[in-house]
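Me: Before I use the words in this description, I would like to know what each of them rests on. Please set the values against the definitions.

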Amino acid sequence: MSGGLPDHLPDHASAVLDVVDLIPPGRVMTYGDVAEYLGQGGPRQVGQVMARWGAAVAWWRVLKADGSPPPGHEERALRQYRREGTPLRSDGRRVDLRLARWEGPA
DNA sequence: ATAATGACGTCGG
DNA sequence: TCCGACGCCATTA
């Protein structure tokens with residue numbers, strides 16, 4: 001059912017990666033948003049999945065509640081935001097969630 | 001079974 | 001705005 005994502009992963013992990021794969025370019029979701037959308041686990045569990053299997057998806061589109069990119073990946077994430085035209089805040093270090101936040105598939 | 005860990009979130013100073 | 005303390009919860013040790 002999923003497209004292109006690696007298999008042999010726990011169900012909860014594939015569920016998370018599946019949602020992340022649906023986030024449109026230029027838009028983002030917070031760890032908490034993903035957890036809430038799935039209706040299971042919490043932000044830390046989503047982070048755990050991203051840390052281990054995030055490389056297979058657009059990991060930079062999942063970030064913290066304050067709009068800052070995943071710890072340790074700020075540089076690469078910012079590069080992607082410029083490339084996708086993701087709206088940033090005036091400081092240029094965080095995404096403007098007011099504009100870029102994606103509520104998830106209807 | 002108990003304790004530590006972590007790509008989090010919220011709140012108070 | 002920045003930082004630390006706490007709460008949260010599946011996974012690991």
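What follows is a set of questions about the terms, each answered from the values.

Reply: This is a predicted model, in which local features need pLDDT of at least 70, side-chain atom pairs count only at pLDDT 80 or more, and totals for chains, interfaces and linings use all residues. Residues are numbered from 1 along each chain as its sequence is written, chains are lettered from A and ligands numbered from 1 in the order in which they are written, and side-chain values use heavy atoms, with hydrogens and water left out.

Me: Why is D33 called buried?

Reply: Buried means under 20% relative accessible area, exposed over 50%, and partly exposed in between, with a 1.4 Å probe and protein chains only. D33 has 12% relative accessibility, so it counts as buried. D33 is found in helix α2, residues 31-38; helices (H or I, at least four residues) and strands (E, at least two) are DSSP runs, numbered from the N terminus.

Me: What makes the pairing of D33 with R101 a polar contact?

Reply: A polar contact is a pair of N or O atoms within 3.5 Å; within protein, one must be able to donate a hydrogen and the other to accept it, and residues adjacent in sequence count only if both atoms are side-chain atoms. The side chains of D33 and R101 make such a contact at 2.5 Å.

Me: Why is R98 exposed, and why is H12 called partly exposed?

Reply: R98 has a relative accessible area of 75%, so it is exposed. H12 has 42%, and is therefore partly exposed. R98 is in helix α5 (residues 97-100), while H12 is in helix α1 (residues 11-20).

Me: What is G41 called, buried or exposed?

Reply: G41 has 67% relative accessibility, so it counts as exposed. G41 is found in the loop between α2 and α3. C-alpha to C-alpha, G41 is 8.8 Å from H12, with their positions 29 residues apart in sequence, and 33 Å from S90, at a sequence separation of 49 residues.

Me: Which residues are around DNA strand C, and what makes a residue near it?

Reply: A residue is near a molecule or strand if one of its heavy atoms lies within 4 Å of it. For DNA strand C these are H12, R44, Q45, R52, R93 and R94. Helix α3 (residues 43-53) gives the most to this surface, with 3 residues.

Me: How do you know which parts of DNA strand C the side chains reach?

Reply: Polar side-chain atoms of R44 and Q45 lie 3.2 Å and 2.9 Å, respectively, from a base oxygen of DNA strand C. For R93, the partner is a phosphate oxygen, at 2.8 Å. Of the strand C atoms within 4 Å of the protein, 61% belong to sugar or phosphate and the rest to bases.

Me: What makes up the surface near DNA strand C by residue class?

Reply: Ala, Val, Leu, Ile, Met, Phe, Trp, Tyr, Cys and Pro count as nonpolar, Asp, Glu, Lys and Arg as charged, and the others, Gly among them, as polar. On that basis the surface holds no nonpolar, 2 polar and 4 charged residues.

Me: What does the surface near DNA strand B consist of?

Reply: DNA strand B is surrounded by 15 residues, the closest being Y31, R44, A51, A65 and P70. Sugar and phosphate make up 39% of the strand B atoms that come within 4 Å of the protein. The residues divide into 8 nonpolar, 5 polar and 2 charged, and α3 gives the most, with 6 residues.

Me: Which backbone atoms lie by DNA strand B?

Reply: Backbone N or O atoms of G32 and A65 lie 3.3 Å and 2.9 Å, respectively, from a phosphate oxygen of DNA strand B. A polar backbone atom of M50 is 3.4 Å from a base nitrogen of that strand.

Me: Why is the pair of W59 and W60 called edge-to-face?

Reply: Rings of Phe, Tyr and Trp (its six-membered ring) pair if their centres lie within 6.5 Å; planes under 30 degrees apart count as stacked, over 60 as edge-to-face and the rest as tilted. By this rule there is 1 aromatic pair. The ring centres of W59 and W60 are 5.5 Å apart and the planes are at 85 degrees, so the pair is edge-to-face. Both W59 and W60 are buried.
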